[in-house]
Amino acid sequence: MTDTELLEIASGAMKNAYAPYSKFSVGAALLCSDGTVFTGCNVENASYGAANCAERTAIFKAVSEGCRDFSAIAIVSSGGGETYPCGICRQVIAEFAPDLRVILQNKEGKPVSYNFKDMMPYIFSL
Ligand code: THU
């Protein structure tokens with residue numbers, strides 16, 4: 001699975017985004033160590049705080065299906081350019097995958113990858 005392929009899967013997932021309030025669609029594709037890919041999109045709500053981000057949708061789908069060993073996550077948005085995971089999603093990533101590779105799409109549509117540890121040093125964990 002190449003970074004470009006994972007970004008393409010995230011783009012497909014973004015089509016299912018439910019974002020009538022922000023009009024900002026996000027898609028994520030989470031690659032598990034066994035090769036399984038779980039997708040996610042943002043799901044908003046009239047009670048704004050009840051919204052769920054694309055990354056957490058994908059992670060919660062994976063964990064609820066018994067997968068907790070993740071190697072990479074690709075994230076795309078309708079905003080164009082690199083869309084970094086929000087603080088709450090970073091905390092959820094930190095719980096399961098502090099070594100995750102985070103693949104974003106730059107303005108030219110090319111993959112750019114980061115080590116999650118560089119994006120979120122000094123994580124909170126029990
Ligand atoms: N959003 C995500 O899905 N992932 C992020 O990392 C940033 C924000 C969503 C939440 C909300 O539905 C919309 O983008 C605007 O904030």
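**Helix α1, two salt bridges and a surface patch**

Good morning. The buried residues of helix α1 pack against five strands: β1 (26-32), β2 (37-41), β3 (70-77), β4 (101-105) and β5 (111-115). Please bear in mind throughout that this is a predicted model.

Let me stay with α1 for a moment. Which of its residues are buried? They are Leu-6, Leu-7, Ala-10, Ala-13 and Met-14. These residues lie on the same side of α1, because they cover an arc of only 110° around the axis. The spacing in sequence fits a general rule. An α-helix has 3.6 residues a turn, so residues three or four places apart point the same way.

The length of the helix can be checked as well. Helix α1 comprises 12 residues, running from 3 to 14. At 1.5 Å a residue these should span 16 Å, and the end C-alpha atoms are indeed 16 Å apart, so expectation and model agree.

I turn now to charged pairs. Side chains of opposite charge can pair when their charged atoms come close. How many salt bridges does the structure hold? There are two.

One of them joins Asp-3 to Arg-101, with the closest N and O atoms 2.8 Å apart. This pair links distant parts of the chain, since Asp-3 belongs to helix α1 and Arg-101 to strand β4, 98 residues apart. Asp-3 is partly exposed, because its relative accessible area is 22%, and buried would require under 20%. Arg-101 is also partly exposed, at 33%.

The other salt bridge is between the side chains of Asp-99 and Lys-117, at 2.5 Å from N to O. Asp-99 sits in the loop between α3 (87-96) and β4, while Lys-117 is in helix α4 (residues 116-119), so this pair ties together parts that are 18 residues apart in sequence. Is Asp-99 buried or exposed? With a relative accessible area of 55%, Asp-99 is exposed, given that the class begins over 50%. Lys-117, at 44% relative accessibility, counts as partly exposed.

Finally, I would draw your attention to the surface. Tyr-18, Tyr-21, Val-43 and Tyr-48 form a nonpolar patch there, and together they have about 440 Å² of accessible area. Where in the chain is Tyr-48 placed? Tyr-48 is found in the loop between β2 and α2 (54-64). Its relative accessibility is 61%, and Tyr-48 therefore counts as exposed.

To close, α1 turns its buried residues to one side, two salt bridges are present, and a nonpolar patch of tyrosines and a valine lies on the surface. Thank you.

Key
Residues numbered from 1 in each chain as written. Predicted model: local features only at pLDDT ≥ 70, side-chain atom pairs only at ≥ 80, totals over all residues. Heavy atoms only, no water. Helix = DSSP H or I, 4+ residues; strand = E, 2+ residues; numbered from the N terminus. Expected span 1.5 Å × (residues − 1). Buried < 20%, exposed > 50% of the residue type's maximum accessible area, 1.4 Å probe, protein only. Arc of directions from axis to C-beta. Contact = heavy atoms within 4.5 Å. Patch = residues over 30% accessible without salt bridge, like charges linked within 9 Å, V, L, I, M, F, W, Y side chains within 5 Å. Areas by Shrake-Rupley, 256 points an atom, 1.4 Å probe, with all protein chains shown as cover. Salt bridge = Lys/Arg side-chain N within 4 Å of Asp/Glu carboxyl O.
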